[in-house]
Structures are given as C-alpha cells and as structure tokens.
Amino acid sequence: MSYGEREALSGLITSLIVIGLFLSQLARQQAAGVFDGPDGLMLWARSVLILIGWSIGIAIAVTILSTILHGLLTGEKADHRRDERDRDIDRRALTWAWYLLSFGLLGIIIGLAIGDSAFKAMNMVLALCIFSETFRDAAKLVLYRRGV
C-alpha cells in the first residue's frame, strides 16, 4: 500500500470517527435545548470549534497509529515521497470534492432563500464540509485502487 493510499485511508477513518463524534455531541446538545434562544448559534459555533480541535487531535493520532501499525505489520520504513501520479490523484479527488461542496452550498443558499432557518443552514454547511472531505478521501482510495 502506497503512502498516498495509507494517507487517504487514515483520512477516511478520521472522518468516520469525527462524523460520529459530531453527530453524537451536537444531537445531545440539541436535545438538551442548549441551542435554543437568541444565543443558540453562538453556542453552536463554540461547540463546533471545540469539536474541530478534537478532530485535529484525532487526525494526528490516527495518522501516527496507522504509520506505526504499517511499519510493524510490513517491516517497511515509511516512504513519504510523492510522484506525479499521487499529485494527479489528489487533484482529481479534490476537484470532485469541490464540485460536491459548491453544489451543496448552492443548495443551502437556495434553502435559506425559501425560508430555512440559519441554524439548519449552519448544520448543513458543517455536514457538507465533513461529507466532502470524506468523499475526497474515498475518491482517492478508489483512484489508487483503479491504478489511475
């Protein structure tokens, strides 16, 4: 497995952990009524910033663990060199993720124009960002497996 594949797999694992963390924490706070009232969006934003900090720590931990695990299982030293194929795969996956993000944001703006709440829009933006990042990592894995 190349470094690019391991990196994409680590990103995908991190995204899945973060999705679970975000959904459980924000749903629990929403059910408790934390976001009700005039300061709801401010409290939501503070919660998201804390969760982003946690997600950075999770990403670092998953990357370190996957590198150590790969080294132990294969006995190979990690090779972090990237070639033209790696850059092409990154570019393709990022382009597709940007299309997804762009069209999703357009949909959110349309939702706001027809009366959706700001709270719903912010949750949708957060979900869209997480989903597009997950999509990017999954697309990279598919492209590596296809040998593009």
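In this predicted model, a nonpolar patch on the surface draws at least two residues from each of two helices, H3 (84-113) and H4 (118-146). The patch is formed by Trp-96, Tyr-99, Phe-103, Leu-106, Ile-110, Ile-114, Phe-131 and Phe-135, which together expose about 890 Å² of accessible area. Helix H3 contributes the largest share of the patch, namely five residues, and Tyr-99 lies in this helix.

The two helices that supply these residues also pack against each other, with the axes of H3 and H4 coming within 8 Å and crossing at roughly 160°. Because this angle is over the 145 degrees at which a pair begins to count as roughly antiparallel, H3 is described as roughly antiparallel to H4. The crossing of H3 with H4 is right-handed, and the residues of the contact between these helices comprise 21 nonpolar, two polar and six charged ones.

A second packed pair is found towards the N terminus of the chain, where helix H1 (residues 3-31) and helix H2 (residues 40-74) meet at an angle of about 150°, their axes being 9 Å apart. The angle makes H1 roughly antiparallel to H2, and the crossing of H1 and H2 is likewise right-handed. In the contact of H1 with H2, the residues divide into 14 nonpolar, nine polar and one charged, whereas six charged residues and two polar residues take part in the contact of H3 with H4.

Taken as a whole, the protein contains four helices and zero strands, so that the elements, read from the N terminus on, follow the order α-α-α-α. Along the principal axes, the C-alpha atoms of the protein fill a box of roughly 55 × 30 × 15 Å.

Salt bridges were also examined, and a search of the whole structure finds nine of them. One of these joins the side chains of Glu-5 and Arg-145, with a distance of 3.1 Å from N to O. This pair links distant parts of the chain, given that Glu-5 belongs to helix H1 and Arg-145 to helix H4, and that the two residues are 140 residues apart. Helix H4 therefore appears in several of the features described here, since H4 supplies residues to the nonpolar patch, packs against H3 in a roughly antiparallel arrangement, and carries the Arg-145 side of the salt bridge to Glu-5 in H1.

Note on methods
Residues numbered from 1 in each chain as written. Predicted model: local features only at pLDDT ≥ 70, side-chain atom pairs only at ≥ 80, totals over all residues. Heavy atoms only, no water. Patch = residues over 30% accessible without salt bridge, like charges linked within 9 Å, V, L, I, M, F, W, Y side chains within 5 Å. Areas by Shrake-Rupley, 256 points an atom, 1.4 Å probe, with all protein chains shown as cover. Salt bridge = Lys/Arg side-chain N within 4 Å of Asp/Glu carboxyl O. Axes fitted to C-alpha atoms, helices over the stretch in contact; angles between N-to-C directions. Parallel < 35°, antiparallel > 145°, perpendicular 65-115°, else oblique. Left-handed = near helix turned anticlockwise from the far one by under 90°. Nonpolar A, V, L, I, M, F, W, Y, C, P; charged D, E, K, R; others polar.
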